[in-house]
Amino acid sequence: MYGVVPIENSASGTLHSTYDLLLQHDVVIAGELGVREVYCLCGRPDVTLADVRYVLSHPNILSACSAFLETRLPAGSPRALAPLEMISTISTTEAARKVSQGGFALGAACAIATKEAATKHELSVLAEDIGNDAFLETRYILFHLRNGEASKLPPPFPRDVLSPLRKRSACFALSNEPGAIFKLLACWALRSIDVLKVETRPLALGLRAPPNLTKARLWDYLFYVDYAMPADGENSEARLWDALAEFSLWHRDFGAYSSQVTRAEKTPQEWSDMIDLMTKS
C-alpha cells in the first residue's frame, strides 16, 4: 500500500533518483518525516581501524561521513601507502551485506551503516556517530499510488507530532525564455507563500518524459518545488494553481502532506568530545 524512501540528507543533499522516480510513476506523497541518522563504521569481528582499505555505503552517506574517513582512518591519510577506496552501494544495508560476505583481496572492508544493519549481518561496530555534522537528519517521504487503496486512508506518519508543517510538492516544465522562472516563482511570492525548496532535474525523453512534451533539448530542465500550504484554504489554492498553469508548459501535483523535520543548528562533529571507546582503542 505504501512505500518509504529517503529524499534528502541534511549533510550530503538531495537523492536525485527519488525525484526521477516520483515522475516516472503516478504516485503522491502522503507524509514526510525527518529521522536522526547515526552512521557507524561496521566491519567483521576481527577487523581494526588500521586494517581498513575499503569503505562501502550509499554515495550520499560516504559524502556525509567524509571528514571521519579522511582524518580518522589510517588509510585515509594522504601519507598512507595503500589509499582508502570508496565503493558505492544502493543502500547502507546492501553495504553491510557485502562486507559480511567478504571476498576483498587486499585489506579489510567496512560498511557505513546503522547498528541494526551491523547486528543483522553479524558485524562489529568499530566507530559510532561518524557523520560530518554533530546532528544528521534524513527526510523520508511516505508515498502511495494516486488512486490506490491508501488514497482513501489517513497516512500512518508522521503521527503524534506537535504542529507539523503542511507542505505541497509539485513538478513543472517551463518554456525556455527569459523570465520563465521568475514568473513561476512570482505566483508564490505575490501570495506570500513560503517556497521551501526548488530542485532542478534534466528533462528526459522516453518513459520518464512528461505527457505532451515529446521534444527536449540538452540543458532543458524540470523544476520540483516544495512550498508551505497557504493558510486561507482551498479557494486560495485553486487560484494559485490557475496561475501556475498559466506560466508552465506542464505540471504535476505530488499532493499535500504533513511534514515533521528538525530545525537544529548545524555544528561540526567534535571528535575530541566523542565518547567512543572502540575508536580510541
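Hi everyone, let me open with a contact: the side chain of Thr138 reaches the side chain of Glu37 in a polar contact of 3.1 Å. Before I go on, please keep in mind that this is a predicted model.

So, where does Thr138 sit? It belongs to strand S9, residues 137-145. Is Thr138 buried or exposed? It is buried, at a relative accessible area of 4%. Setting aside residues up to four places away in sequence, Thr138 touches Pro6, Glu8, Asn9, Leu33, Gly34, Val35, Glu37 and Tyr39.

One of those partners, Asn9, deserves a moment of its own. Asn9 is in strand S1, which covers residues 3-9. With a relative accessible area of 3%, Asn9 is buried. Which side chains does Asn9 meet in polar contacts? Tyr39 is one, with its side chain joined to that of Asn9 at 3.0 Å. Thr138 is another, and here the side chains make a polar contact of 3.1 Å. Apart from neighbours within four places in sequence, Asn9 is in contact with Leu15, Tyr39, Ala64, Leu136, Glu137 and Thr138. If you have the structure open, try colouring Asn9, Thr138 and Glu37: Thr138 has side-chain polar contacts with Asn9 and with Glu37.

Now to the pockets. The largest pocket holds about 530 Å³ of space. Its lining counts 20 residues, and Glu137, Arg139, Val261, Thr262 and Arg263 are the closest to its centre. S1, S9, S10 and strand S11 (195-202) are the elements that give two or more residues to this lining. Which element has the largest share? That is S9, with 3 residues. As for chemistry, the lining of the largest pocket divides into 5 nonpolar, 5 polar and 10 charged residues.

The second largest pocket has a volume of about 360 Å³. Among its 19 lining residues, Pro6, His58, Ser91, Thr92 and Tyr140 are the closest to the centre. At least two lining residues come from each of S1, H1, helix H2 (59-64), helix H4 (92-101) and S9. The lining of this second pocket divides into 8 nonpolar, 10 polar and 1 charged. Put the two side by side: 10 charged residues line the largest pocket, while the second largest has 1.

Let's go inside, to the closed spaces. How many cavities of 30 Å³ or more does the structure hold? There are 3. The largest cavity has a volume of about 60 Å³. It is lined by 13 residues, with Tyr19, Leu22, Ile29, Ser169 and Asp226 nearest its centre. Helix H1 (16-24), strand S3 (27-36), strand S10 (165-173), S12 and strand S13 (250-260) each give two or more residues to that lining. S12 gives the most, with 3 residues. The lining of the largest cavity is made up of 10 nonpolar, 1 polar and 2 charged residues.

Staying with S12, residues 221-228, let me point out Val225. Val225 counts as buried, at 1% relative accessibility. Its C-alpha atom is 7.2 Å from that of Val195, although the two are 30 residues apart along the chain. Beyond neighbours within four places in sequence, the contacts of Val225 include Phe172, Trp188 and Val195.

Phe172 brings me to my last topic, the aromatic rings. The structure holds 5 aromatic pairs. Phe172 and Trp241 form a stacked one, at 6.0 Å centre to centre with 25° between the planes. This pair links distant parts of the chain, 69 residues apart, with Phe172 in strand S10 and Trp241 in helix H7 (residues 234-246). Both partners are buried: Phe172 has a relative accessible area of 0%, and Trp241 has 14%.

Tyr224 and Phe254 form a stacked pair as well, at 6.2 Å centre to centre and 5° between the planes. Tyr224 lies in strand S12 and Phe254 in strand S13, so this pair ties together parts 30 residues apart in sequence. Tyr224 counts as buried, at 3% relative accessibility, and Phe254 is buried too, at 1%.

Which residues do ring pairs link into a cluster? They are Phe172, Trp188, Tyr227 and Trp241. That's my tour, thanks for listening!

Conventions: Residues numbered from 1 in each chain as written. Predicted model: local features only at pLDDT ≥ 70, side-chain atom pairs only at ≥ 80, totals over all residues. Heavy atoms only, no water. Helix = DSSP H or I, 4+ residues; strand = E, 2+ residues; numbered from the N terminus. Buried < 20%, exposed > 50% of the residue type's maximum accessible area, 1.4 Å probe, protein only. Polar contact = N/O pair within 3.5 Å; in protein donor to acceptor, adjacent residues only side chain to side chain. Contact = heavy atoms within 4.5 Å. 1 Å grid on protein atoms, 1.4 Å probe; cavity = no way out; pocket = protein on both sides within 12 Å on 5 of 7 lines; lining within 4 Å. Points joined across faces, edges and corners; volume = space filled by probe spheres on them. Nonpolar A, V, L, I, M, F, W, Y, C, P; charged D, E, K, R; others polar. Phe/Tyr/Trp six-rings, centres within 6.5 Å; stacked < 30°, edge-to-face > 60°.
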